[in-house]
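Student: I am new to this structure and would be grateful for a close look at a single part. Could you please take me through the surroundings of the ligand?

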Amino acid sequence: MNLRSNEPYWLVKNAFENSYPSLQTSITTDVLVIGGGITGALITYQLVKEGREVVLADRRDVCSGSSAVTTAMLQYEIDVPLFQLIEQRGEATAVSSYKNCEKAIFDLKKIVEETGSKCHFELKKSIYFTADKGDEKMLEEEFHARKKFGFSVEWLDRNQLKDLGLIARVAIQSDSGAVFDPYKFTCDLLGLCAKKGATIFDRTEIKKIRPRPGKMIATTPEKLTIKANHFIHCTGYESVKTVSKKIVNLKSTYALASEAFEALPFPFKNHIFWDTSSPYFYFRGTADNRVIAGGGDEPFKNTTKRDALLNKKREFLTRQFNRYFPDISFAPDYIWAGTFGETKDGLPFIGRPKPEINEHYVLGFGGNGITYSVMAMDAIIDSMNHNNHIFLNDYGFDR
Ligand SMILES: Cc1cc2nc3c(=O)[nH]c(=O)nc-3n(C[C@H](O)[C@H](O)[C@H](O)COP(=O)(O)OP(=O)(O)OC[C@H]3O[C@@H](n4cnc5c(N)ncnc54)[C@H](O)[C@@H]3O)c2cc1C
């Protein structure tokens, strides 16, 4: 018998570290950021630092979209391997995307340090492995591409992986990777933005936008308006409703957290892991000594179908974990699902879909969504000022 629905007030209330008022009157500002997940928080932080007047509105409680369910592994390794991305987008864009994703990990570390967020940010080595003989050649080609373009990588064989507690054939070990608590970080950053002058509204949906010369107008379902010079959509996967072009292929993805171990199992002390399967599996440790396993993606149909698979996915992810890490006794504790999306080239969309309208998007789709959002902080002012920026070019809507 199900004794309760999903959101009993006390459970939810105690989980939220920051709550904000909803919009009660029409207002005017310089910049309206739509969406209070990690992207909206990072972009607002950047704009506040630049001295802009910012209002942020989220239709739900802040940080209750993808940023609350993400497994938050930070990697420069994009869903499309470097050598394949070179074929798809050319050497310059591919190599600069990998390099800038790597830089974003350390930029995020700096933000954590300068804001004092208690989000348990930890650098880790990243292991990209295969247990499938058929993928060894691909992995080798990727290793050579990474070496050629100066990434700090090491080739690990079966015995070296066994010493790490992982049963697999071969792997690329990269020096740059990280993990953190994305919910804590987003809440801390939004709190700081509010202290520094940003105005944040939760439970405030932007239903309609009228692009006008001069101030543009956003309207809520209650017919209140927010007028602003610029609108920045940080609306994650729900952006498929407002971007007319099909830019992302939506999937449902699953994650499973183990019960807490007395101490973090040895393989996860210094490493995070993902494999070459399609869809891929990934594994990380947490600061409270749990292990998270993720993967099992399915094409997205609707949330009911997605959630109906939770029990099956718990068993499936546990089996995968046991196959790769047989020496660790994994007791599943929490299972959850989220919507996830991949672009054709594994790269984000940043900038204006229509150059003449002051509506900007920051859409860090894919397994590197968070690093892309960090990268977008560097380009957002240039997008607002109609200046050139490599990201606006490489990750534009006209590709
Ligand atoms: C299970 C899972 C695992 C993942 N693992 C990783 C990983 O390991 N590493 C990584 O880098 N990325 C990962 N990602 C991707 C990452 O989670 C996303 O890139 C990131 O959370 C996106 O943040 P966001 O702020 O753009 O979107 P969200 O957190 O979804 O925030 C968007 C906000 O916009 C609000 N909104 C939408 N429409 C409106 C509107 N009309 N009016 C007002 N508000 C609106 C929503 O309420 C929401 O709060 C993963 C995703 C999932 C689901």
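Tutor: The following account describes the shell around the ligand and then turns to the helix α11. Please keep in mind throughout that the model is predicted. The ligand has 38 residues around it, and those that come nearest are G37, G65, G236, G338 and G369. Sorted by class, the shell consists of 22 polar residues, 11 nonpolar residues and five charged residues.

Where does the shell around the ligand lie with respect to domain 1 and domain 2? Domain 1 comprises 9-68, 184-247 and 346-394, while domain 2 comprises 123-177 and 248-342. Both domains give residues to the shell, and therefore the ligand shell lies between them.

Several helices and strands take part in this shell. At least two residues each are supplied by the helices α2 (38-49) and α11 (369-376) and by the strands β13 (249-258) and β17 (332-342). Among the contributors, α11 provides the largest share, namely four residues.

The helix α11 therefore deserves a closer look, and its burial is clear: eight of its eight residues are buried, which means that the helix is largely enclosed by the rest of the structure. The buried residues are G369, I370, T371, Y372, S373, V374, M375 and A376. One of them, G369, is also among the residues that come nearest to the ligand. In summary, α11 gives the shell its largest share of residues, and the helix is itself largely enclosed by the rest of the structure.

Definitions and conventions. Residues are numbered from 1 along each chain as its sequence is written. This is a predicted model: local features need pLDDT of at least 70, side-chain atom pairs count only at pLDDT 80 or more; totals for chains, interfaces and linings use all residues. A residue is near a molecule or strand if its C-beta atom, placed from the backbone, lies within 6 Å of it. Ala, Val, Leu, Ile, Met, Phe, Trp, Tyr, Cys and Pro count as nonpolar, Asp, Glu, Lys and Arg as charged, and the others, Gly among them, as polar. Domain bounds come from an automatic or database domain assignment. A residue is buried if 20 or more other C-beta atoms lie within 10 Å of its own, exposed if 12 or fewer, and partly exposed in between; C-beta atoms are placed from the backbone.
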